[in-house]
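The following report describes one protein model, moving from a single loop residue to the strands and helices around it and then to the chain as a whole.

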Amino acid sequence: RTLLQIYHAGSQATSFMVGLKPVGPSNVPFQMSGETPRSLSRREIRAIVWGYAKASNLAMKAGFDGVEIHAGHGYLLNQFFSPLTNKRTDEYGGSFADRIHLHLEVLSAVRGNCGQDFIIGFRLNGRDYIEGGIELEETCRLAKILEQAGVDLINITGGVFDSPGFPVVPYMNHPRGVFADAAAAVKQAVNGDTAICVVGRINTPDAAEQILRSGKADLVALGRALIADPDFPLKVAEGRTAEIRPCIACNTCLDRIMTEQPVACAVNPDLLEGGSDRTPQVETKRVLIAGAGVAGMEAARVAAGRGHEVILIEAADRIGGALRLASAAPVKGELRLLLPYYERLLQELPIDLRLCTPLSPRLVEELRPDILILATGALPEVPEIEGLGSCVHSS
């Protein structure tokens, strides 16, 4: 089944992006953009409800099986639900029942326009992770009411764009399955007629399986893991989990999107090329690659995949280069996921790996490569700190 996610950004839109002053339930500033939204009138709210219904109907006509209405991450419906951003005193603000009024109107309008067989999901924050925002107890109450109103799926996430630490797209310092416990609480609150899904730092098959077997959720959602390896689900289904290119939750993809650039991935250079680098070449060459860090190993993968003769040399007694140093930091252990991935590739591909072999003119003369790739890394930038050079480091 294929669902289309639809949302209204509310005050988290910007005039730069949309060409209009952002709107929201109340004129509470959005700290990230520095803009203050205009408070919506009742008439405008009714038009937005119709907009959700119309968008859902268009999705249905286009062949989608349903929609996921994004009511988390500080978007418009989340803003109406949160007492931090909703200061209204009419039927859309104040009490809990009034703050979820818009959710129920949207659900009713979509169901009325798309019928009973159309799947309707809601993405909700378990918590907003910001003082004065939505907490898990209220989300559980809302989930139960949405279930009674006929929602089919609830997808649990967390955080708004102003939340400290930005849990909206949790970085590698957040634990895997960071929102799973919130999903479990929501699952316990509903009667079982609604499927509960969870997203957030689910980047390995084992992490996904653990959530499902524990009963914390009925479904798991993958985002960045599919950017790192679009074949993730296929490889799991076929028992090829060792071949999955791991997502390290570095948020390179997010950084690119937030700066309005084409999406890119730190571990998947094939993302926008569709794997064209694996096209065999008619004229093969001898390629010497110096350095078995990530750059050198990736160059070896590409060259070997094209049919070239690849010799990969490394001065150290093991692969990884600076990656091993970087992964030693307390919150950067996810970087180590790349090591077994490349170890497997180096074993399976026709790559002549030579450890304890530094690059030298003599070696180049001996091997006589057609192409030499220097992947020996960059020199570290050492800050000018008085006395730094005289520091004694002990093991």
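Is Thr204 buried or exposed? Thr204 counts as buried, because its relative accessibility is 13%, where buried means under 20% relative accessible area, exposed means over 50% and partly exposed lies in between, computed with a 1.4 Å probe and protein chains only. The structure is a predicted model, in which local features need pLDDT of at least 70 and side-chain atom pairs count only at pLDDT 80 or more, whereas totals for chains, interfaces and linings use all residues. Residues are numbered from 1 along each chain as its sequence is written, and side-chain values use heavy atoms, with hydrogens and water left out.

**Thr204 and the strands around it**

Thr204 is found in the loop between strand 7 (195–198) and helix 8 (205–214); helices (H or I, at least four residues) and strands (E, at least two) are DSSP runs numbered from the N terminus. Leaving aside its neighbours within four places in sequence, Thr204 is in contact with Arg176 and Phe232, contact meaning heavy atoms within 4.5 Å.

Strand 7 runs parallel to strand 6 (residues 153–157), to which 4 bridges join it, and two strands are taken to pair if DSSP finds at least two bridges between them. Ile156 has Val198 of strand 7 as its bridge partner. From strand 6 the chain crosses through helix 7 (residues 180–189) to strand 7, in a β-α-β crossover that is right-handed; this term applies if, with the strands pointing away from the viewer, the path from the first strand over the helix to the second runs clockwise. Strand 7 is also joined by 2 bridges to strand 8 (residues 219–220), again in parallel, and the partner of Val198 in strand 8 is Val220. Strand 7, helix 8 and strand 8 likewise make a right-handed β-α-β unit.

**The four-stranded sheet and helix 12**

An open sheet is formed by 4 strands in the order 11-10-9-12, with parallel pairing. Strand 11 and strand 12 (371–374) stand at the edges with a single partner strand each, so one side of each is left without a neighbour in the sheet. Neighbouring strands of this sheet are turned by 15 degrees against each other on average, direction ignored. Strand 10 is joined to strand 11 by 4 bridges, and Leu312 stands opposite Leu353 in strand 11.

Helix 12 lies across strand 9, strand 10, strand 11 and strand 12 and runs at about 170 degrees to strand 10; the axes are lines fitted to C-alpha atoms, for helices over the stretch in contact, and angles run from 0 to 180 degrees between N-to-C directions. Residues of helix 12 that are buried include Met297, Val302 and Ala303, and the buried residues of this helix pack against strand 9 (286–290), strand 10 (309–313), helix 14 (338–348) and strand 11 (351–354). Just after helix 12, Gly307 takes a positive phi of about 95 degrees.

**Helix 2**

Helix 2 (residues 42–61) has 20 residues, which at 1.5 Å a residue should span 28 Å, and its end C-alpha atoms are 29 Å apart, in agreement with that value; the expected span is 1.5 Å times one less than the number of residues. Among the buried residues of helix 2 are Ile45, Ile48, Val49 and Tyr52. An α-helix has 3.6 residues a turn, so residues three or four places apart point the same way. The buried residues of helix 2 pack against strand 1 (3–6), strand 4 (66–71), helix 3 (76–81) and helix 5 (101–114). Just after helix 2, Gly63 takes a positive phi of about 110 degrees.

**Residues with some exposure**

Tyr129 has a phi near 55 degrees, a positive value in a residue other than glycine, and Arg368, also not a glycine, has a positive phi of about 50 degrees. The table adds the relative accessibility of these residues and of Pro361.

| Residue | Place | Relative accessibility |
|---|---|---|
| Tyr129 | loop between strand 5 (119–125) and helix 6 (136–148) | 27%, partly exposed |
| Pro361 | helix 15 (residues 361–367) | 72%, exposed |
| Arg368 | loop between helix 15 and strand 12 | 60%, exposed |

The C-alpha atoms of Pro361 and Tyr342, which are 19 residues apart along the chain, are separated by 27 Å.

**The whole protein**

The secondary structure comes to 15 helices and 12 strands, and of the 395 residues 45% count as buried. Taken along the principal axes, the C-alpha atoms fill a box of roughly 80 × 55 × 45 Å. Of the contacts with a separation of 6 or more, 65% are accounted for by residues 24 or more positions apart.
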